[in-house]
Each structure stands twice: as C-alpha cells, then as structure tokens.
Amino acid sequence: MRAYLSTFRMRRKLEVQYRGAVLGGIICQAFFGLVLIAIYRALYNGKPQAMPFSSVASYVWLQQAFFRMLMASDPDLLDKIRTGSIAYDLCRPLNLYGFYYVRIAAQKLIGSLLRGAPMLVFALLLPEGWGLSLPASPAALLWALAGLLLGLLCVCALENINMGFTMRTLDSRGMQAMLNLLMMICCGNILPLTLFPDSWQKVITLLPYAQLLDTPIRLYTGTAPLSDAPRMLLIQLGWTLALTALGILFWNRNQRRIEIMGG
Amino acid sequence: MDTIKLYLHSMRMLIKSQMQYPASFLMQTLAQLVMEGGEMLAVILLVDRFGHLNRWEAGDLYFFFGLMSVTFYLTECFGRGITGNFPYLIRTGQLDTFLARPRGTLTQVLCSAVDPRRITCIAVGVTALVIGSSMSHVAWTVTKALLLAEALVCGFFLLLGLFTIEGIFCIYSVKSVELVNTLTYGGRSACEYPVDTFPRPLRVLFTVLAPFALTLQQPGSVILGKPLFDWPEWTAFVSPLSGIVIFGVVWLCFRRAMRYYRSTGS
C-alpha cells in the first residue's frame, strides 16, 4: 500500500510542474465553454425546454472543468513496451495493473483539480444564465462529490482496459483515437447528455461512459432527483467493479505472453 | 511553377511512406471519420431537439457546418507542416536544415508533412454541404459554385495564416503556445454555427480578428439566399479575400520572426 501511495505522490509532483501549460489550457477550455453556452442559449431562446437553462450552463462548465479526467493520459507504457524497458516495471514488487492504475488516478485527479478549481471559480463569477449555478442543495453536492469519486475510479479502470489493448497491438493509435472519441461523445463532452433525445437517454445513461461525469453533474444540478441518487451510485459502483475485474484479468493474461523487445 | 512541382513530389513521397503501414492507416482514417461524424451528430441532435437557430433552419445549419469542416480539414490535410509539425521542427532543431536549402522556409515546412487521414473528415463535410444545400433548396448556378470555391480557398488561407501565428510564437518561445488554439480550434468549433448566434465580443473576434464570418459565412449565407449582413450581394465575392490578406500579413511577420530564430542547437 505504501508503494502505491508513493507512486501517487510522485505523479502528483510531476503533474504540478507545468503551470504555464495549465494556464493556457484553462483559458482554452473557458473559451470553449463560453462558445458552447452562447450556442445553447440561442437555441433555448428559440424553443425553451423543460430543463432550466441554468442547468445546461452548469453542465457545460463542469464538463469543461473536469475535461482533463477524460483525456487519455499515460503515453509512457507504449514507449516502454516498444523499447523493452517494461522489463523494469515487471521486476517491481508491485502488481503491474495496480501500479498503472495509481499513476493514472494521480494524473487525472491532480490534473483536473489544478485546471478545474480556477475554472469553477471563474464560472461561478459569471452572470446568471452564463455561469455555473450553485448545487441544487447541500445534499446534492455531497452525492455529486461521491459520484465524482466513483467516476474517477471508473475512468481509470476504463483506461487501463484501453492500455491492455495497447500492450497487445503495439500500435493502437487508431483504436485509441476511436475509444477517446466514443468517450467524448458518450460522456457528454461534445453535447450534454441531457440534450440528447429523451429516448436515447434511457440507454446512454446506463453505459459506463455516462458514469464518469454525467451522473455527478446530474446530481449536482438537480436534474436527477435525490431519491434516484442511491440507484445511480449503485450503477456507478457496479461498472467500476466490473471494469476493474475485467482489466485485472486482461492484464494478467497479457503479462503471461508479453515479449520484451530491445537490444 | 517549380515550387508547385516540388510540393507535389513531396506529397507523393509522404503519402507513399504513410501507406507502408496500411492497417494502422486504415484504423486512423476510420477514427477520423467517427470523430467528424460525432461532431456532425451533435449538430443533428441539436436540430432534432430545437428545430432552428434564430432564423437559420436545419439545412442552413448543416451547410455552415459542412463549409467549416471541409475548409478546416483541407488545411489540416495539406497544411499539416504548419498545423501540426512546426513546433516539433523548432524544438528538435530540424528547422536548421531547411535554412541551408535554396527554397523559402515556409514552403519547405509545408512540403514536410501531409495528413491524408483527414480525407474522411472532408468527406463528412462534403456530405453535410450536399444535405444542407438540398434541404435549404439551393438553386445552384455557376456563380454560386464559383463563390463556394472562392470561400473554400480563402478559408484555407485564413486557417493557414492563423496556424502560422502559433508558429511565430513558437519561434520566440520554443514551446508551442496553446493559447492560439482559441483562434484555430476555437474558431472551428464556434464558426460551425453562424456568427450572429454569438454575443458581440465573440462576433467581433470572428469577423475582424479571425474573419471566418467574412471568408466562409458571408458567401455561404448568400448562397443560401439569406445574407448574414445587410450588404449588397457582390460583397460576398470581395469579403473572402480578407482571408488572403490575413495570410499575407502573417507571412510577412513570419519572415521577420525568422530573423530572430535561434537554433535549439541539438
């Protein structure tokens, strides 16, 4: 356990090194957020919907703030397999899956906190209808935070499965791009899931991708009633456990047939 | 003339080299298709829920989307040397070799890369243009076709110019400056929709500073028969030239900046 904690700490230190890039990233994301909200506002003016607009604005800002959580973040593994230095990782007295899981979790958590916190402050200061609204209730905030934590665990498990494919095929850029994109669409980053056709939402909210950010955001904005919260968190928990189990199985199989390259 | 021959020759070589890994190439091309398809899906779903955006109907929205995505991915495909590789050339010092050759730096940068995977994105854009224009009942004439071609070419140069700005920053700072992405990628995402959707500051940004409204949308809206601005129709032929003007200005700045170029020396 101590080893995993120190892995986490090491990645955290790495992540806070590039503060200049962080600032650039924040400004970019904020700009995208404003553009999206402007478009949705104009559409709403033409045809108001049942869901209040402030929820849509909050949805956009929360997605932008935690954007970093969705991005594939660990390109090292591919290089290690290509160059053969994966051998060093295999020598460590650690479970390979756990080692990479912790690395990814640190990167995603710290990366999105660094970018998310200033952006959320900015979004809270914007006028009503443009910015982030306060959570529906204190209880909703607590449920949403729990949901966000489960979402983080779920996205790490998901990414480790992607990396499992990388170990198999060596060049998985095409596959990776496709999975990333599926993520962007089904997470609600390109278009809020709450604006998808109502009939689609019944299915799409059950997919693992919706568990990452969509569930906590719905709880935060109050789009999902609090009575639904336990059920939604159970779905999240279910996916997290299933994906983690699948990932561990997959990695163990990969590890048995891995070839060390190099020379 | 010689330069064009050189460019075409480089393109042939680069494409040939990329085809050496056909499976990976195919997968990546497919991934591009899904990516741009996803963007279009967002527009379709929005149209499905809301029906229209101010005075723009579904067909108009698809048309504007197609206009932007064809232009943007043509630039990403043929201007890859600038849109993607330039920061890398600076960081690794590879740009030095270009300075020793008897051709313009920008020409050689353009010759250094091509990205044929974008072909599927362009195809999505063309599909959107066709669907959009038929849904909006556009009666195509030679003039309109010429106007469309002019818009695409000028939009190409505008984007090339905007991406070159990033290159100029890069010459001074070595690191790539992602802030400029707000103009390029941000411009793409925003100007998939007509600019009159946006509040004034954004509208000014995309009409004056990064004039997507003048190069793409003014001619596009005239083709649709719903002019974006209350200007006489012939202005639609003049306004796209702003893209070329921007490219010219940026090109001059690039030449000045190159005088300050310090090799990273590795």
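Mentor: Let's start with the vocabulary: helices (H or I, at least four residues) and strands (E, at least two) are DSSP runs, numbered from the N terminus. This is a predicted model, in which local features need pLDDT of at least 70 and side-chain atom pairs count only at pLDDT 80 or more, while totals for chains, interfaces and linings use all residues. Residues are numbered from 1 along each chain as its sequence is written, and chains are lettered from A and ligands numbered from 1 in the order in which they are written.

Trainee: What pattern does chain B follow along the sequence?

Mentor: Chain B reads α-α-α-α-α-α-α-α-α-α-α-α-α, and its secondary structure comes to 13 helices and zero strands.

Trainee: What makes chain B as compact as a globular protein of its length?

Mentor: Its radius of gyration, taken over C-alpha atoms, is set against the globule rule, 2.2 Å times the number of residues to the power 0.38. For 266 residues the rule gives 18 Å, and chain B has 19 Å, which is close, so the description fits. The C-alpha trace of chain B spans about 55 × 40 × 35 Å along its principal axes.

Trainee: And how does chain A fare, with its 12 helices and zero strands?

Mentor: Its radius of gyration is 19 Å and the rule gives 18 Å for 263 residues, so chain A too is as compact as a globular protein of that length. Its C-alpha trace spans about 65 × 40 × 35 Å along the principal axes.

Trainee: What makes a residue count as buried?

Mentor: It needs 20 or more other C-beta atoms within 10 Å of its own; 12 or fewer means exposed, anything in between is partly exposed, and the C-beta atoms are placed from the backbone. Buried residues make up 44% of the 263 residues in chain A and 45% of the 266 in chain B.

Trainee: Why are H8(A) and H11(A) called roughly antiparallel?

Mentor: Axes are lines fitted to C-alpha atoms, for helices over the stretch in contact, and angles run from 0 to 180 degrees between N-to-C directions. Under 35 degrees counts as roughly parallel, over 145 as roughly antiparallel, 65 to 115 as roughly perpendicular, and the rest as oblique. The axes of H8(A), residues 138–169, and H11(A) cross at roughly 175° and come within 8 Å. H8(A) and H11(A) are therefore roughly antiparallel.

Trainee: What makes H3(A) oblique to H11(A)?

Mentor: The axes of H3(A), residues 53–65, and H11(A), residues 214–221, cross at roughly 140° and come within 10 Å. That angle makes the pair oblique.

Trainee: Which residues of H3(A) and H11(A) meet?

Mentor: Contact means C-beta atoms, placed from the backbone, within 7 Å. Ser55(A), Ser58(A), Tyr59(A) and Leu62(A) of H3(A) meet Ile217(A), Tyr220(A) and Thr221(A) of H11(A). They divide into four nonpolar, three polar and no charged. Here Ala, Val, Leu, Ile, Met, Phe, Trp, Tyr, Cys and Pro count as nonpolar, Asp, Glu, Lys and Arg as charged, and the others, Gly among them, as polar.

Trainee: How many residues of chain B are in contact with chain A?

Mentor: 32 residues of chain B are in contact with 27 residues of chain A. H2(B) gives the most to that side of chain B, with 15 residues. The side of chain B that touches chain A divides into 17 nonpolar, 11 polar and four charged residues.

Terms used:
Two residues are in contact if their C-beta atoms, placed from the backbone, lie within 7 Å.
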